[in-house]
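Visitor: Could you take me through one part of this protein up close? I'd like to see what sits on the inside.

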Amino acid sequence: MLVLLLATLVVGTPLAWRDRHGPTRNFLLVTGLWTVLTSWYLWPEVPLTRHGLALSLSATAMLLQWALLRLCWRVSGSGWAWFPRLVDVTSVVTLAGVAALALGLGPMTAAGALLLPSLVLRALTTAMLLQRAWRARTRQTVLLAAAEGVWFAGTLQFIAIVLRWLPPEPFMLTPSDALPLYLVVLYLTVERLVRERDDAAR
(Lines give C-alpha, C1' and ligand atoms only; values in the text may rest on other atoms or scores of the structure.)
Protein backbone atom coordinates (compact mmCIF):
# COMPACT_ATOMS: atom_id res chain seq x y z
CA MET A 1 0.00 0.00 0.00
CA LEU A 2 2.76 2.44 0.93
CA VAL A 3 4.57 1.72 -2.37
CA LEU A 4 1.37 2.47 -4.31
CA LEU A 5 0.86 5.72 -2.41
CA LEU A 6 4.44 6.89 -2.95
CA ALA A 7 4.31 6.00 -6.64
CA THR A 8 1.05 7.92 -7.00
CA LEU A 9 2.62 10.97 -5.35
CA VAL A 10 5.62 10.85 -7.71
CA VAL A 11 3.49 10.48 -10.84
CA GLY A 12 0.65 12.72 -9.71
CA THR A 13 2.61 15.77 -8.55
CA PRO A 14 3.46 17.06 -12.06
CA LEU A 15 -0.10 16.34 -13.21
CA ALA A 16 -1.56 18.23 -10.26
CA TRP A 17 0.75 21.16 -10.95
CA ARG A 18 -0.70 21.50 -14.45
CA ASP A 19 -4.28 20.78 -13.34
CA ARG A 20 -4.46 23.64 -10.84
CA HIS A 21 -8.24 23.98 -10.75
CA GLY A 22 -9.25 20.34 -11.17
CA PRO A 23 -9.81 17.41 -8.79
CA THR A 24 -6.28 16.08 -9.40
CA ARG A 25 -4.94 18.33 -6.64
CA ASN A 26 -7.64 17.08 -4.31
CA PHE A 27 -6.66 13.52 -5.10
CA LEU A 28 -3.00 14.29 -4.49
CA LEU A 29 -3.91 15.77 -1.09
CA VAL A 30 -5.78 12.55 -0.25
CA THR A 31 -2.77 10.50 -1.31
CA GLY A 32 -0.40 12.60 0.81
CA LEU A 33 -2.58 12.31 3.92
CA TRP A 34 -3.01 8.59 3.32
CA THR A 35 0.76 8.21 3.09
CA VAL A 36 1.15 9.95 6.46
CA LEU A 37 -1.52 7.76 8.06
CA THR A 38 0.03 4.57 6.68
CA SER A 39 3.44 5.68 7.94
CA TRP A 40 1.98 6.03 11.46
CA TYR A 41 1.09 2.34 11.36
CA LEU A 42 4.41 1.23 9.87
CA TRP A 43 6.74 3.32 12.04
CA PRO A 44 7.73 0.87 14.80
CA GLU A 45 9.07 3.33 17.37
CA VAL A 46 7.09 6.54 17.41
CA PRO A 47 8.47 8.98 20.05
CA LEU A 48 5.01 9.64 21.50
CA THR A 49 3.03 8.50 24.48
CA ARG A 50 0.15 6.09 23.99
CA HIS A 51 -2.37 8.92 24.22
CA GLY A 52 -0.27 11.16 21.99
CA LEU A 53 -0.09 8.48 19.33
CA ALA A 54 -3.84 7.87 19.52
CA LEU A 55 -4.59 11.58 19.15
CA SER A 56 -2.12 11.95 16.26
CA LEU A 57 -3.69 9.00 14.47
CA SER A 58 -7.16 10.45 15.08
CA ALA A 59 -6.21 13.88 13.71
CA THR A 60 -4.57 12.40 10.60
CA ALA A 61 -7.53 10.07 10.01
CA MET A 62 -9.96 12.98 10.31
CA LEU A 63 -8.01 15.10 7.83
CA LEU A 64 -7.91 12.16 5.43
CA GLN A 65 -11.64 11.62 5.80
CA TRP A 66 -12.30 15.33 5.16
CA ALA A 67 -10.25 15.34 1.95
CA LEU A 68 -11.55 11.98 0.71
CA LEU A 69 -15.24 12.73 1.30
CA ARG A 70 -14.96 16.06 -0.52
CA LEU A 71 -13.25 14.27 -3.40
CA CYS A 72 -15.95 11.57 -3.46
CA TRP A 73 -18.61 14.26 -3.67
CA ARG A 74 -16.82 15.91 -6.56
CA VAL A 75 -16.14 12.80 -8.65
CA SER A 76 -19.61 11.36 -8.01
CA GLY A 77 -21.35 14.35 -9.54
CA SER A 78 -23.89 14.41 -6.71
CA GLY A 79 -26.38 17.26 -6.54
CA TRP A 80 -26.02 17.64 -2.77
CA ALA A 81 -24.58 21.15 -2.94
CA TRP A 82 -24.65 21.52 0.87
CA PHE A 83 -22.56 18.41 1.46
CA PRO A 84 -19.02 19.93 1.21
CA ARG A 85 -19.88 22.60 3.77
CA LEU A 86 -21.23 19.95 6.14
CA VAL A 87 -18.00 17.98 5.72
CA ASP A 88 -15.96 21.11 6.49
CA VAL A 89 -17.94 22.04 9.61
CA THR A 90 -17.99 18.50 11.00
CA SER A 91 -14.27 18.06 10.41
CA VAL A 92 -13.38 21.38 12.06
CA VAL A 93 -15.48 20.54 15.14
CA THR A 94 -13.94 17.08 15.44
CA LEU A 95 -10.38 18.36 15.00
CA ALA A 96 -11.05 21.04 17.62
CA GLY A 97 -12.10 18.27 19.99
CA VAL A 98 -8.93 16.31 19.26
CA ALA A 99 -6.83 19.45 19.88
CA ALA A 100 -8.63 20.08 23.19
CA LEU A 101 -7.85 16.56 24.36
CA ALA A 102 -4.23 16.93 23.26
CA LEU A 103 -3.95 20.09 25.36
CA GLY A 104 -5.42 18.33 28.38
CA LEU A 105 -8.67 20.30 28.30
CA GLY A 106 -10.81 17.21 28.66
CA PRO A 107 -10.70 13.58 29.78
CA MET A 108 -9.38 10.98 27.35
CA THR A 109 -12.58 9.03 27.91
CA ALA A 110 -14.30 11.71 25.82
CA ALA A 111 -12.35 10.59 22.75
CA GLY A 112 -15.09 8.10 21.89
CA ALA A 113 -17.60 10.94 21.56
CA LEU A 114 -15.50 12.39 18.74
CA LEU A 115 -16.47 9.39 16.61
CA LEU A 116 -20.17 10.28 16.65
CA PRO A 117 -20.13 13.28 14.22
CA SER A 118 -17.87 11.30 11.92
CA LEU A 119 -20.26 8.36 12.02
CA VAL A 120 -23.22 10.56 11.05
CA LEU A 121 -21.19 12.13 8.25
CA ARG A 122 -20.19 8.73 6.90
CA ALA A 123 -23.80 7.52 6.97
CA LEU A 124 -24.81 10.58 4.92
CA THR A 125 -21.94 9.95 2.50
CA THR A 126 -23.06 6.38 1.96
CA ALA A 127 -26.65 7.54 1.37
CA MET A 128 -25.46 10.22 -1.07
CA LEU A 129 -23.38 7.80 -3.14
CA LEU A 130 -26.10 5.12 -3.13
CA GLN A 131 -28.63 7.69 -4.35
CA ARG A 132 -26.25 8.84 -7.08
CA ALA A 133 -25.53 5.24 -8.14
CA TRP A 134 -29.26 4.43 -8.29
CA ARG A 135 -30.02 7.48 -10.44
CA ALA A 136 -27.02 7.35 -12.78
CA ARG A 137 -26.53 3.55 -12.89
CA THR A 138 -23.08 3.83 -14.41
CA ARG A 139 -20.05 1.69 -13.66
CA GLN A 140 -18.28 4.60 -12.00
CA THR A 141 -21.08 5.53 -9.59
CA VAL A 142 -21.78 1.91 -8.64
CA LEU A 143 -18.10 1.23 -7.94
CA LEU A 144 -17.85 4.40 -5.86
CA ALA A 145 -20.91 3.53 -3.77
CA ALA A 146 -19.78 -0.08 -3.25
CA ALA A 147 -16.28 0.98 -2.16
CA GLU A 148 -17.70 3.53 0.28
CA GLY A 149 -19.91 0.75 1.64
CA VAL A 150 -16.83 -1.35 2.43
CA TRP A 151 -15.16 1.64 4.15
CA PHE A 152 -18.29 2.39 6.17
CA ALA A 153 -18.57 -1.27 7.20
CA GLY A 154 -14.99 -1.13 8.47
CA THR A 155 -15.78 2.00 10.48
CA LEU A 156 -18.85 0.38 12.06
CA GLN A 157 -16.86 -2.76 12.89
CA PHE A 158 -14.06 -0.69 14.47
CA ILE A 159 -16.52 1.23 16.67
CA ALA A 160 -18.24 -2.01 17.69
CA ILE A 161 -14.88 -3.50 18.68
CA VAL A 162 -13.95 -0.39 20.68
CA LEU A 163 -17.29 -0.61 22.50
CA ARG A 164 -16.69 -4.36 22.98
CA TRP A 165 -19.79 -5.32 21.09
CA LEU A 166 -17.71 -7.44 18.69
CA PRO A 167 -14.44 -9.33 19.14
CA PRO A 168 -11.46 -8.31 16.95
CA GLU A 169 -11.10 -11.92 15.78
CA PRO A 170 -11.04 -13.49 13.25
CA PHE A 171 -10.26 -10.30 11.27
CA MET A 172 -10.59 -6.52 11.23
CA LEU A 173 -11.35 -4.50 8.12
CA THR A 174 -9.43 -1.51 9.51
CA PRO A 175 -7.04 -0.08 8.32
CA SER A 176 -7.44 -1.69 4.88
CA ASP A 177 -11.17 -0.96 4.61
CA ALA A 178 -10.57 2.31 2.73
CA LEU A 179 -8.24 0.73 0.15
CA PRO A 180 -11.06 -0.18 -2.30
CA LEU A 181 -12.31 3.41 -2.19
CA TYR A 182 -8.81 4.75 -2.83
CA LEU A 183 -8.40 2.43 -5.83
CA VAL A 184 -11.78 3.46 -7.26
CA VAL A 185 -10.98 7.17 -6.87
CA LEU A 186 -7.56 6.55 -8.43
CA TYR A 187 -9.25 4.82 -11.37
CA LEU A 188 -11.75 7.66 -11.81
CA THR A 189 -9.00 10.28 -11.65
CA VAL A 190 -6.87 8.51 -14.24
CA GLU A 191 -9.92 7.96 -16.45
CA ARG A 192 -10.71 11.67 -16.33
CA LEU A 193 -7.14 12.64 -17.19
CA VAL A 194 -7.09 10.25 -20.17
CA ARG A 195 -10.44 11.56 -21.38
CA GLU A 196 -9.29 15.18 -21.13
CA ARG A 197 -6.07 14.34 -22.98
CA ASP A 198 -8.07 12.69 -25.79
CA ASP A 199 -10.41 15.68 -25.97
CA ALA A 200 -7.45 18.04 -26.20
CA ALA A 201 -5.91 15.94 -28.98
CA ARG A 202 -9.16 16.06 -30.96
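Guide: Let's start with the core and then move on to a pocket. Keep in mind that this is a predicted model. The largest nonpolar core here is made of 31 residues. Inside this core, the residues with the most contacts are Val-30, Trp-34, Leu-68, Leu-144, Leu-181 and Val-185. Which elements chip in two or more residues? They are helix 2 (23-42), helix 3 (50-76), helix 4 (83-102), helix 5 (115-136), helix 6 (139-162) and helix 7 (179-201). Helix 3 provides the largest share, with 7 residues.

Now zoom in on Leu-181. Setting aside residues up to four places away in sequence, Leu-181 touches Leu-68, Cys-72, Leu-144, Ala-147, Glu-148 and Trp-151. Glu-148 turns up again if you look at Thr-126, a residue of helix 5: beyond its neighbours within four places in sequence, Thr-126 is in contact with Glu-148 and Phe-152. Is Thr-126 buried or exposed? Its relative accessible area is 12%, and because that is under 20%, Thr-126 counts as buried.

Next comes some empty space. The second largest pocket holds about 210 Å³. It is lined by 12 residues, and Val-75, Leu-188, Glu-191, Arg-192 and Arg-195 are the closest to its centre. Helix 3, helix 6 and helix 7 each give at least two residues to this lining, with helix 7 giving the most, 5 residues. As for character, the lining of this second largest pocket splits into 4 nonpolar, 4 polar and 4 charged residues.

Key:
Residues numbered from 1 in each chain as written. Predicted model: local features only at pLDDT ≥ 70, side-chain atom pairs only at ≥ 80, totals over all residues. Heavy atoms only, no water. Core = buried A, V, L, I, M, F, W, Y, C linked by side-chain atoms within 4.5 Å. Buried < 20%, exposed > 50% of the residue type's maximum accessible area, 1.4 Å probe, protein only. Helix = DSSP H or I, 4+ residues; strand = E, 2+ residues; numbered from the N terminus. Contact = heavy atoms within 4.5 Å. 1 Å grid on protein atoms, 1.4 Å probe; cavity = no way out; pocket = protein on both sides within 12 Å on 5 of 7 lines; lining within 4 Å. Points joined across faces, edges and corners; volume = space filled by probe spheres on them. Nonpolar A, V, L, I, M, F, W, Y, C, P; charged D, E, K, R; others polar.
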